[in-house]
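Got your viewer open? Here is a short tour, one selection at a time.

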Amino acid sequence: MPREAADATCYTARAARELRIDERSIALVRVVKRSIDARQRQPWVNLSLEVYVDQEPQPAPVHFDYPSVEGKTEVIVVGSGPAGLFAALRLIELGLKPILLERGREVSLRKTDIARINRGEGVDPDSNYAFGEGGAGTFSDGKLFTRSKKRGDYNKALQTLVFHGANPEILYEAHPHIGTDKLPYIIRNICRTITDCGGEVLFERRVTDLILRQGVLKGVVCGSERIEGAAVVLATGHSARDIYYLLHERGIRLEAKALAMGVRIEHPQALIDRIQYHQPERGEWLPAASYSLVSQEQGRGVYSFCMCPGGFIVPAMTDSAESVVNGMSPSGRTSPYANSGLVTEVRAADFAHLTEQWGALAGLKFQEEFERLARREGGDRQVAPAQRVADFVAGKASNALPATSYVPGITPSRLDRWMPSFIAEGLRAGIATFGRRMRGFVTNEAIVVGVESRTSTPVRIPRDAETLMHPEVAGLFPTGEGAGYAGGIISAGLDGERVAEAVRNFVK
Ligand SMILES: Cc1cc2nc3c(=O)[nH]c(=O)nc-3n(C[C@H](O)[C@H](O)[C@H](O)COP(=O)(O)OP(=O)(O)OC[C@H]3O[C@@H](n4cnc5c(N)ncnc54)[C@H](O)[C@@H]3O)c2cc1C
C-alpha cells in the first residue's frame, strides 16, 4: 500500500518477515526500484529492496575522480546544456581540457532574466528559459527518461547527477525526476567540477562565426574574440536559430527534419489524480498522477509530450516576437495544475511550400511562422492564446478562461481556427480519443495554450556515423538535441559523452 511503501520501518519489517530473519539483524535496507501500479481500483507501490544483514558490505557511495586537465589539449565546447556539460566532463575523464562557451548568463543572473519574462517585460535573446547556464534543462521538470538501450551509460549519467547533488532516489525510481528547484544547484556543481579540474566555463560568449582553414574547423569567434582549439563540439540546442543560419550561410550542409508541434494542455491536478487513481482524492502517500497518451489520427501521430504533474506552464520563447510554451515542475510537484505538451507530427510535405526558398531551413521557417502567429493571437504581448478543451474539440469560442499556472497570463482565442488545419484537426481528433481512454479528460475545466513548437529540432546537422564529425568539416562535432541526435536531458547528455570520445580519437 502507498503508505507502507513510504515508511522504512514498515517495509523493513515486511522484508524481515519475507526473508524469515530477525529484523534486528538488518543493517541496511536499500530501495533499488520503485514504481506505481494504478491499473486497479486500489493503487499499489512496487518496491524492490536490497537487504544488508549483520556485517555484509554496504553499497559504496557514488564517487567520481576527475583528473586535472591543466595544460592539456584544449577542446572548445559550445553550449552548456546537458550535451555540452556531459561532453565537457567526459573530455576531462579522457585527459582533454574543455573550454565551455555559453551565450547566456550564469544561473543566478539567469533567474532574474526569467523573472522579467514572467512579468511580461520582454525576452533577452541570450538569457531565457532555453539559454544560459545548464541550457534548456535547468528550468524544467527534470524528467530523466531515455529510450537509450545502453543501461550502463544511463546509470552512469544518473550517478553523475547524484555525485553533483541530485537526490539518490533517482537511481531507483521507475520515473525519476529532479525538479526545477534542485536543478540549478546541480548544474552549478557540474560547472564547478569542470573549472576545478582546470577546464574553463565562460558565460556571455555567443558564438557568432567559425574559424575555418582549408575545410578544417580551427575555432570560433565570439564577437571580437577569437578562440581556437583542437576541435569544436557544437552543443547549441534546438532554439539556437542563429547557429543554423550561420552554418547555412557558411555553406555547411544541413538537412531538414520532420518535427512535432501543437499546444500545452492544462488540467487541474486533482482531476488527473481522480482519473488515474480511480479515487476521489490521491491522499497523502501517492505522487501527483501523470499520463502518457498516443494515438494515430488519419495516419498522423498525436501524442502527449513532457507531461509535468503538479507543474507550471512557462514562456519558453527566445525572442520577444514569438509565443512558445513549455512546462516545468518543482521536485515536490506541488502546484494544483497538471500540464503536458500535446502535439501532432509535422512532415516535410507540410512545409514543402517553403523549401524552394529556404532549403534545409524550411521546417525552421514553418516553426517560426507558427510561433509568430501565436504571438499575434495573444495580442502581441507576452500573454498566451488559450481555449477551453471541450470548446476546442467542439469548435466553439471560450468567452472566459479558468485560472492557469501560466504566470504571464492567457487570453481567449480560437486556436481551433487559426492553427494550421492539419494541426488543429489532428489535435481535436487526438483529444477526443484520449477522452475515451481517460474519462473526464475532455472538459471545460481544462485549457489548451499556444503554442508548443519546440519539441525537437527542425534541422539536422549531419555527422559521419563513425567519426561523429560533420562529413564536410573536419573538427566540427555536432551533438545533442540541436544537432538532431537527442531528445531530452539524459539522451542529450549521453550523446555529448559519445561525441567527447570521438573527439579523443580525432585529436590523439
Ligand atoms: C521548459 C522545459 C522543460 C523541459 N523539461 C524536460 C524534462 O523534464 N526532461 C527532459 O528530458 N527534457 C526536458 N526538456 C528538454 C531538455 O531540456 C532538452 O532536451 C535538453 O536540454 C537538450 O540539451 P542540449 O544540451 O542538446 O541543448 P540545450 O539544453 O538547449 O543547450 C544548448 C545551450 O547552448 C547555448 N547556445 C546556443 N547558441 C549558442 C551560441 N551561439 N554560442 C554559445 N552558446 C550557445 C544555449 O544558451 C544553451 O545553454 C525541457 C525543455 C524545456 C525548455
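Before you click anything, here is one bit of vocabulary: a residue is buried when its relative accessible area is under 20%, exposed when that area is over 50%, and partly exposed in between. Also keep in mind that you're looking at a predicted model.

**Stop 1: a pair of strands**

Select Arg30 and Glu50. Their side chains form a salt bridge, with an N to O distance of 3.1 Å. Arg30 sits in strand S1 (residues 26-37) and Glu50 in strand S2 (residues 44-53), so this pair ties together parts that are 20 residues apart in sequence. Why does Glu50 count as partly exposed? Its relative accessible area is 28%, and that falls between the 20% and 50% cut-offs. Arg30 is partly exposed too, because its relative accessibility is 32%. As for the pairing itself, side chains of opposite charge can pair when their charged atoms come close.

**Stop 2: a buried partner**

Next, pick Glu133 and Arg188. This is another salt bridge, and its closest N and O atoms are 3.0 Å apart. Glu133 is in the loop between helix H4 (107-118) and helix H5 (151-163), while Arg188 belongs to helix H6 (residues 183-196), so the link spans 55 residues of the chain. Is Glu133 buried or exposed? Glu133 is buried, at 0% relative accessibility. Arg188, on the other hand, is partly exposed at 26%.

**Stop 3: loop meets strand**

Now select Arg205 and Glu225. In this salt bridge the closest N and O atoms are 2.9 Å apart. Look for Arg205 in the loop between strand S5 (200-202) and strand S6 (209-213), and for Glu225 in strand S8 (residues 225-228). The two residues are 20 apart along the chain. Arg205 has a relative accessible area of 23%, which makes it partly exposed, and Glu225 is partly exposed as well, at 32%.

Want a bigger group? Select Arg241, Glu322, Lys365, Glu368, Glu371 and Arg454 together: salt bridges with shared partners join them into one network. Across the whole structure, a search finds 42 salt bridges.

**Stop 4: Arg103**

Go to the loop between strand S4 (97-101) and H4, where you'll find Arg103. Arg103 is buried, with a relative accessible area of 15%. Add Asp242 to your selection: a polar contact of 2.8 Å joins the side chains of Arg103 and Asp242.

**Stop 5: the ligand**

Finally, select the ligand and show the residues around it. There are 37 of them, and the nearest are Glu102, Ala136, Lys143, Glu481 and Ile489. Try three distances here, each from a backbone atom to an oxygen atom of the ligand:

- Ala136: a polar backbone atom is 2.8 Å from a ligand oxygen.
- Gly132: a backbone N or O atom lies 3.1 Å from a ligand oxygen.
- Ala235: a backbone N or O atom lies 3.4 Å from a ligand oxygen.

How much of the ligand does the protein bury? Taken alone, the ligand exposes 1,000 Å², and the protein buries 95% of that.

Colour the shell by class and you'll get 16 nonpolar, 14 polar and seven charged residues. Helix H3 (82-93), strand S15 (325-328) and helix H14 (489-507) each provide at least two residues of this shell. Colour by domain instead, and you'll see at least three shell residues from each of domain 2 (74-253 + 462-507) and domain 3 (256-452).

How values were computed
Residues numbered from 1 in each chain as written. Predicted model: local features only at pLDDT ≥ 70, side-chain atom pairs only at ≥ 80, totals over all residues. Heavy atoms only, no water. Near = heavy atom within 4 Å. Polar contact = N/O pair within 3.5 Å; in protein donor to acceptor, adjacent residues only side chain to side chain. Areas by Shrake-Rupley, 256 points an atom, 1.4 Å probe, with all protein chains shown as cover. Helix = DSSP H or I, 4+ residues; strand = E, 2+ residues; numbered from the N terminus. Nonpolar A, V, L, I, M, F, W, Y, C, P; charged D, E, K, R; others polar. Domains from an automatic or database assignment. Salt bridge = Lys/Arg side-chain N within 4 Å of Asp/Glu carboxyl O. Buried < 20%, exposed > 50% of the residue type's maximum accessible area, 1.4 Å probe, protein only.
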